[in-house]
Structure formats: structure tokens, C-alpha cells
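Student: Could you take me through one part of this model slowly? I'd like a close look at a single chain and how it meets its neighbour.

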Amino acid sequence: MKTLKNIFKDYTVPCIFILLGIIGFLISGLSFKMVINDLIERLGRNLFIVLSLIIPISAGMGINFALTVGAMAGQLAVIAVVVMNIEGIGGTFAAFLISVPISIIFGLIIGFLMNKTKGREMITGLVAAYFFSGIYQLIILSLPINNPIIGVEGGKGIKSTIDLGIIKYSLDRFPTYIRVLGIKIPLFTLIICGLLCVFIWYIGKTKLGQDIKITGLDIKTAEEKGINVNKVRIIAIVLSTVFAGIGQIISLQNIGTLSTFGSHEQVGMYAAAAILVGGASIKKAKFTNAIVGTLLFYFLFIVTPKAGANIFGDTQIGEFFRVFIAYGVIVVALYINNKKNKSY
Amino acid sequence: MTQKNNKKENMFAIFSGVIIIIIACVLFKKGTLIDFLNRVGMNGILVLSMVPTIICGVGLNFGISIGILCGLFGGVLSIEIGLTGILSFVFAVFVGIILSAITGILYGKLLNGIKGDEMTVGTYVGFSMVSLMSIAWVILPFKSPDMVWTIGGKGLRTTISLENSFGGVLGVFGSIFIFILLCILLYGFLHTKTGIAMKTAGIKPKYALNCGIKPDKYRILGVMISNIFGAIGILVYSSGYGFLQLYQAPLMMPFAAVAGVLIGGATIKKASVLNALLGVCIFQFLMTVSTPFINSIFSDSSLSDSVRMVISYGVVLFALVRQGGRRIK
Amino acid sequence: MNVIEIKNISKKYGDSVVLDNISINIKKGEIHAILGENGAGKSTLMNILCGMPIIEKTGGFEGEIYIEGEKVNIVTPKDALNFGIGIAKQELAIINDITVWENIFLNDEITNKNIISKIFGKNFEFIDEKSMINKSNEIMESMKNNIKANDVCNKLSIGEKHFIEIAREIKRKKIKVIIFDEPTSAFTENESKVFGEIIRNISKSGVSIIFITHKLDEVIKYSDRITVLRNGKNEGTFDNKNITKEKLAELMIGNNQSQVFNKKDKIQCDEIIMSLKNVTATKGNESIEDISVDIYKGEIIGVAGVSGQGRGVFGDVLGGLINYKGDIYINGTKLKNGDSEYAIKNGIAYVSDDRKGTGLYLAGSIYENICTSAMYINNKFIKKIGFINFANKKEMKKYTEKCIKDLNIKCENPSQKVGELSGGNQQKVCIAKALALNPSVLVVSEVTRGIDILAKKNILETLVNISKEKGLTIIMISSDLNELIKYCERIIILNDKKLRGILASSEPSEKFGLAISEGSEKN
């Protein structure tokens, strides 16, 4: 019989967040309908990227903070699509296709780095993300571009904000929105997320999936029994990076504007926080963690600015508070996870 | 064979000294020696703060932002009280040390609970605290007109001028003096009984246990010392810079300090005061020499900051890869 | 026809020779036992045959391996599998968090093709869970076991996990030889019987079996031929019919019974200096349960037993390195659980068997290694300036020079890095470190493992002399029973986690052999 105490113990982090969310919602005074609408939209926007974290966790590599690199690949693809002026859903799918080879190359590099730092994948991913992000920014700023749509006047560099009107909502809207109980649901986007879930499920049933699982559980035994752990880990990261690229494109088509320098920056952080909030650990993650986590995290995300404003009389505090919670979540989740590994 | 090893250490010391002298001469010729010394004095202590945590086994202290925030709070408090000159600096340092000692102990305890992920957790605790303090900067009831937004009268400004308190009060040689003093103190500490216990705990926890040394205790000590240096370091930096930078500014400072100590030859597992000294000299030399060069390529001057950050991240990434993996299980 | 032939295999770990020119042949369909004490080289030999990564990482080996007459190169585990060699090790290669069938079919899964796999390759084939579950249940039944394919392995006993390892190997199609490393050390008597039947059946089907063991009874019961290894050398291969248990014991342990070291002139003391009451502890796969024993002041007492059955935990408990339940008293003071500092302060010094990991700081100098602990706990080698305790390097070096002389440590100077010394000298540094603490009880674990014979004698005689001169109580934990018999007065036998008996060293060696492999009544 699962008592309330047991549920809390097994699902500590999600429970804390449900509580925080409810409190925040009550303080914020926002309308429930509005919040749910916003929430569903954000779900569509962000779920895909959160799902891309699952495979590396199963492979024992912890949270793939280098997700950002995949997001950058997605952004490059979107820029290409804007230049080529492909509209609507065709544009979105074209972006998906273009991003894949770029993501694969990026993924191979990151996977290679992570194989050199087994046991420290998370910090490596973190630093690598910042490093490549920095290089990306420098290139963006200094590339000689003549195209007026994306180029800065003066010919050097890409604009800091690019309007994505041509593909905005293309995925969400396809073929049309569904309204359930007055709530707008981006059906097609969610179907695509569903496809990813199916794909992850499929991989889990294959030899590759089994190899990933074994490598994640006990890398030493896996190696001794002949599994090529390095190859398996690289595949895991490449898949994750490709999905991150696609996920970022989905996110951008919903937002409608590309912030060339900044769109990718917080991606890794928020996705990590979301999946951890959903109850995943750095060693184990399932779709339910991703879905529940995205809902809970973004619920809090939506209500805190207004709640902060109501408590402190300042919206900006809500922003800070939201960031504080996001980062704090990761710390708490890592702490709870690690309590089992206290030895040297 | 062992004479070779002792020789190796002496060679490194001599090598470092030579590099520093060469740097000094080059800059002297270019007329930027004073600028260089100023940068070293300003940044040195923050780089030095990485050394205690590496030695005690915690690794690179990405959570040094905590110490930095304590120092900033000390500075803000000192302005609020209305102190001026050297007294305001001393007061700020005093408050900073107390706060950073307490938070350092708490942070050290946290790190003991997540052995193996200290760097990841440190980064996020740092980010988290910066955001938390950002809230604090807004809501704490400060009144000093030097600090508070003129419109609205509530909440601290993002950048606070230190003209009226301790800006420039140390001068170039004052900050160098404090930096060298702390270097000497840390070096001496590492040769005391407690320092050696801390070193032993960091090198090999199992070996330390066998010697009767409790590694957990000394990890907390290392983190505390590092945190305190962070507080002092930011105050020296701000004094030289002339401004206190609140809100999001401390976010990326750990990376620069980490890169500094790594450039000086430290690794994730091994560091010495000399690494910090050499590292800050090389890093600041590169900055001094390359800033005009970078400005000529990229028209935007904020880019030099980006380049600095990219170099920092690259250095840290390189150190991580070179260090290799860690034996899991 | 020889299914495997090993010619002139030698291997060194650093400077110490682990295998010395070993040649063995294994016939098709035979059960071949490899007998030897700990440190004889058995596991290393098996690691070489199975292409374990550790061999390559420590410099490879010399010699040749022939499989069915053809020379082969075995460098990775996959190579060994391809040549038909399978191994079930003592340290289980079982992943606890997954099911029985997943472990049995680890990296050897039965798969089905699908559309994607036809394009992208074998990795994308579906794993055929049903077939594997059925096959697993089949194998388990044939082994007369109640384990179900869907059970999760963390619920199984160690004996059951061994059966799964066996199942893993016997199901392989190309298998020519299966190696079992100390297979029955974790079995109950019944499980041992079943194991014996299983290997009989396997060998009848043409697959050869090599099994490595301590247990003389099993060797006699199950094997066709027996090879005895001692100190890295092959002492001979014998037909089971042509040899007795006693002769095997003699070959295994060596012929040093006659030399009894002059312990007789030791004054027997009746004062109890240390006592353990119901001590229970676990470290990894090994544990001790409910150990109670009293130790007398000034005595040298040995602790023996098969590896994996408690010896390894004993030392760490006394040294305060791991947590335990129960009480330990020294000189009347009760020790604090898992507190090494308190243990040392109360007079216990521990020389761990993990020389390089726990006992020494290899990159540090000799004087640092010897003096740090004493400096920290007893405030020796300190120069006080004001109220700050600075380490007095000069004094440390002086004391170290004395240790170098007393223990005959071969080195250049006290500042030399310990990592550069040979194994024997490293061990002397560990001992010096412990002695610098001026302990009342010295616990040494595997103090002569991996050390050449001369250094061994040197170290042990030194310890005994110190015990005589200073009345130091020594607890000697060792896998070398011979040594213990020679140098200790009493010997504790640990078997299957419990204390099976305390024998006087004057008892006949057969009694020891039996006590270790089967356990005997408490004296």
C-alpha cells in the first residue's frame, strides 16, 4: 500500500514542484484558462528537446548539457531556410533535414570529447557548450554576409534578431489547431513529439538500445563482455544532438523570432531542469519524466513572474526567481541522486 | 632519479620566474607595464582562490560566485553605512570574510554530499545564488543615494560607482601587495600541519583515512578558504575597476578564474600557488597585448570580452580532456 | 588433441614477475583443475586467455597460445569469445539491476530482423525477448535451479549469480573451453554438487572445462587432470588417478613446515589488549558476521581463510576505514565506528593490503609517506612558531633516514618518490609509517603479497623482532598460510564470513588445509 509518505519519498522532486506550482499559481492570481493555454503552447514548444535528453541518460552519460550545440545546428538550418525563402511547413521540414547532417557532425565532436572524459561528461558538456557557443557567436558576428534579410547593414555579421514569420506556427497550425474545452492545442507538433517517443521506444527494443542500457548501468562489465562502449556512447550523443536540433527548430517556429545570439543559450539548462523536475535522475529517465517535468517546470515558469510581482511589487524579481528555481532544481536533483554514491 | 624530480620542480619555478620577467620587460618597453601590474593585482586573488579547492580534492571551484557575492555585499554595506577611503575597504573586507566563511562551510557541506559532481553542482549553485542575490539587491532596504536607482528610490543599481568610498584606494601597488601577501600566507599555510592534512585529504582520500585524516573535514576547510579569497578578491578587483558590478556580472567570473589557474599549469587534481601566480600573469599579459589587436578585427569592443570568454572556456575544456576520465566504481 | 596449448607464457606487473614461463595443455573434453594459493598466478593466466583489458594496459605478455593446433592472438574479450573461450569469473560480471535473461544473454542476444535493420545494420534488430526468456528457463531447469528468467538479479544470492554466469557460458554455440574461476567459493554444499554434475555433462559434450580452485576435495572429485601453480611457476600437471590430496597440498603450499621460527622464547602474556565482540561488516561483495575474539598483549596472531570470505574486511574494520556493527575495545576503550583517527589515537596502526591505493601516496616522497600520519595524530615532527604548527621537514628526513637503516629500505634518499621503489621496499615504507605512530597494536594485511622471497623473510623477521623487543601486538592477515604458521602463535580461520576456529600454529598442516576449505570446530 503506497502511503502518502512513500509517494513523497519516491517522487520527491516532482512533489516539491507541484506544491511550488500551486502556491505560485494562487499568488499570481492569473486565470486558470490562460495559464493552461500558455502551458500547452509551451509544452509543444519545448517537449521535443526535453525528450532528447533521455538517451544519453540511459547511456550513463548524465545530462547532456551540450544540447546547446544541437540547438545551434538547428538555428543554422533555420537561417538557411530563411535565406532560401521556403515558406510554411515546407520550410520547417526543410530546416529539419538541413539540421541533421550539421547535428551529426557536432554530435560526433561532442561524443568524442565525452569519451575522453568518462565520468565527467556533464561538466565537459557544460563547458563545451559555452565554448562552441562562443565560437558560434564570433563567427556570426564577423561573417561577411550580403543577404539583406539576415545580414547586418555594413556587410559584416548576421543580424541579432531574425524574423521567422515565414515559418511561424507552421508546425503548430498544421493542418489546423484543435480546440478542446476552449484550449488551443498544437496537434501536429504534439504528434511529432509522439513520434519521437515511439522512436525512443523502438530503440529500446533493439540490440542498440540494450547495449546503451548495459553501458549505462555498468560500463566496466559492458566493456569486458565485448560491447564497444565508445561507439555506443557516441551514437547516444549524436542522436541526442540531432533531436536537439530538430527540437530547437520546433521551438523557434513557435516563438517566431530567432535571437541569433541568445536563443540557444538557456536551452540546455531549462531542458535539464525540466526533466529532473519530472523525476528523472542522472542515471534513469523515461518519457513520463519528460512530459510531467515539462508541464510542471513550465507551469512554475509561467506563474512566477506574476507571483513575484505580487509579492515584491516588481516583475523583474519574478524573472530572477524563475532562473533561481531552474538552477536550484538541478542542484537539488543532483544532490538527491548522489546521496547513494557517497564513497570515494 | 629523485634529484631529477626535485630538479623538475625547481625548473618549473625558475621557468615561471623567467616568463614573468620576460612579460614584464616586454610590457615595460611597450609602456603598458603599469596597466599589466594593475590587471594582475585586480585579478590575481580570484585566480588564487581556485588553489585551495583543487588541493583539498574538490576540484575547480565553479561556485566561487558565492564568495564573490559575499564580498559584494560587504562592499554595498560599507557604502550604505557611509564609510569612505581605506576604512570602507577594510570594513567591506571584514564583512565579506565573515559571510564567505559561513557560506563557505555550508557550501562545503553540500559538496561533500555530491562527491564526483562538484564542478557541475558548483556551476549551478553559483548561477542559482547569483539569481537569488539579484532578487536581494532589488528588495533589500538600502537607502544610500550612491547606490539606489534615482527613479523609484528602491533597489540597487546594476553598476555602483566607488568614487566616494573605496574606488582606487589601493592603487596598483596596494592590490599587488595584498595579492602577494595572500600568496605567501597560502603557501605558508600549506606547510603547516593543517595544510598538509588538507593536501593529503585531497590527493587520496583513502590514504588520508589510513593516516587518520578525515577527508570530509578538510574539504570543507578548503572550500571555506577559497570562498574567503573570492570575497577579498572581488573587493580588490572592484576597487581597481572603480565600480561594483551587481546582478548578472558574477555569473561568468568563475570561468575566467578557472581558466587563469589552468593556464598557469594547474590541473583539476593538482595546483600550487605558483600556478596561480604564473597563470594570472600569462592570462593578463595575453589580454593586455591582444586587446588592441582584437579590437582592430572586430569593430565591436564588447567582442574582446567574448574572445576572452572563449579562450577561457577552451582552456578549461582542454584541461578536462587532458585530465581524462575518472574511474567510475 | 589439445584444445588449448599455452607455451612459455610470462607476465610482469611492473617489476614483479607474476607468471614465469608457464606451459600447460588442455585436452578436448577434459575437466582440468588449476590449483594454487593466492598470488600463484592463476587469475593472471586466465585474464590472458580471455583477453581482459587489464593485460594490455599493464604491458601485455610473452609467450604463445595455440587453439586446436593454430597459433592465435588474444587481445580483447571479443577475440577470446571468437576463439571459443568463455569465462565465469569470481568477481561476478553480473549487472544487478537487470533480469536473469538479460544477464545470460549479455551482448549475445537473440535478435530478429526488421525493415530498419536491413538498411542500417545489425544494431537495429529487435531483441527477441520471448526466445531468450524461454531459453533461459530451459538452461536453468537443466541446471536444476529454481531461478526464473524474469527475476531481477539484485534479489539473488551470490551462489545463484554464479549459476547465471555459468548459464551464460554454456549456452554459447561456438564454445570450446569454459573457465571457472573459484566457482564454488560462494556455493552451498548442494549447489556445489549440482555444479559438479553440470560440468560433467558439459565435458561429455566435448567442451573442455578449466576450473581454478583452492578446494582440494573438489579437485579430487571432479577433475580429470590437475595443474599446480606456485609463485608463478608450473609445479606439474598430474592425472587425478595418480595423485593424493596430501601431495597436492604439499605442492601447493611448499615445503617449509620444518623451519619453525624461534617463537618459543616469547613470553606468553595473559593480558587482553584488544577484543572484538559480535563485529559485523561488509565491503563490496565480502563480509564478516558476528566475529568475537580476544587478543593478548604482545602476541602475533594470524588471520587466514579463503579470499572473499572475510579476510579482506577484517583489516579495514580494525583500521577504522569502514563502518561496522558490534564493539571493538582496545586497552579498555571502545572504538568509534569507522573513525580511523580515533583508532590510531588509541594505538592501532593499520597497514592495508591495498598498498598503492590506501597505504601509500606514490607521487610523494618517502619521508612524507612515513611521517605525515605521525605528524598529524601525534604532533611529531612539528616546529611551533607562535601557535602555528609548521611541519619540520628536517626532522622528518632525519627520522626517515633512521627507518631506512632499520628496515633496510633500498632507495636513494628520503626525498625519493615512493612510486619509484620496488614492491618490497614500498611495503617497508608502509610498515615504517605504521611504526612511526608508536602503536600498541599493529595490523598488517597481506604484508608480503607480490614481494620476492628475500624481502618477505626480511620484513617478517623484522616484525617479529620488533614485537619481541617492544611488546608490540601484531595481527597478521594473510593468504599465505605457510607464513602464518611460521611466524604466528595462534591463527584465526575465517570461513564464509564467520570465525571458524582459532588454531595454534603447531597443529599439523592438514588440519589447516581442511579448516580453510571446510571449516572446523572452534578451539
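Tutor: Here is a walk through chain B, ending with the sheet in its partner, chain C. Keep in mind that this is a predicted model.

Let's start with the fold of chain B. Its secondary structure comes to 13 helices and two strands. For overall dimensions, the C-alpha trace spans about 65 × 50 × 35 Å along its principal axes. The radius of gyration of chain B is 20 Å, which agrees with the value near 20 Å that a compact globule of 329 residues would have. Inside, 53% of the 329 residues in chain B are buried. And if you take the contacts in chain B with a separation of 6 or more, 77% of them join residues 24 or more positions apart.

Now for the meeting with chain C: 20 residues of chain B are in contact with 28 residues of chain C. On the chain B side, helix 1 (2-30), helix 8 (193-203) and helix 9 (205-211) each supply at least two of the touching residues. That side of chain B divides into eight nonpolar, eight polar and four charged residues.

Over in chain C, have a look at the open sheet, where four strands run in the order 2-1-4-5 with antiparallel pairing. Strand 2 (16-27) and strand 5 (70-72) of chain C are the edges, each pairing on one side only. Neighbouring strands of this sheet are turned by 25° against each other on average, ignoring direction. Zoom in on strand 1 (residues 2-13) of chain C, and you'll find that it pairs with strand 2 of chain C over eight antiparallel bridges. As for bridge partners, Ile6(C) has Ile24(C) in strand 2 of chain C.

Methods. Residues numbered from 1 in each chain as written. Chains lettered and ligands numbered in written order. Predicted model: local features only at pLDDT ≥ 70, side-chain atom pairs only at ≥ 80, totals over all residues. Contact = placed C-beta atoms within 7 Å. Nonpolar A, V, L, I, M, F, W, Y, C, P; charged D, E, K, R; others polar. Pairing = 2+ DSSP bridges. Axes fitted to C-alpha atoms, helices over the stretch in contact; angles between N-to-C directions. Rg over C-alpha atoms; globule rule 2.2 N^0.38 Å. Buried ≥ 20, exposed ≤ 12 C-beta atoms within 10 Å, placed from the backbone.
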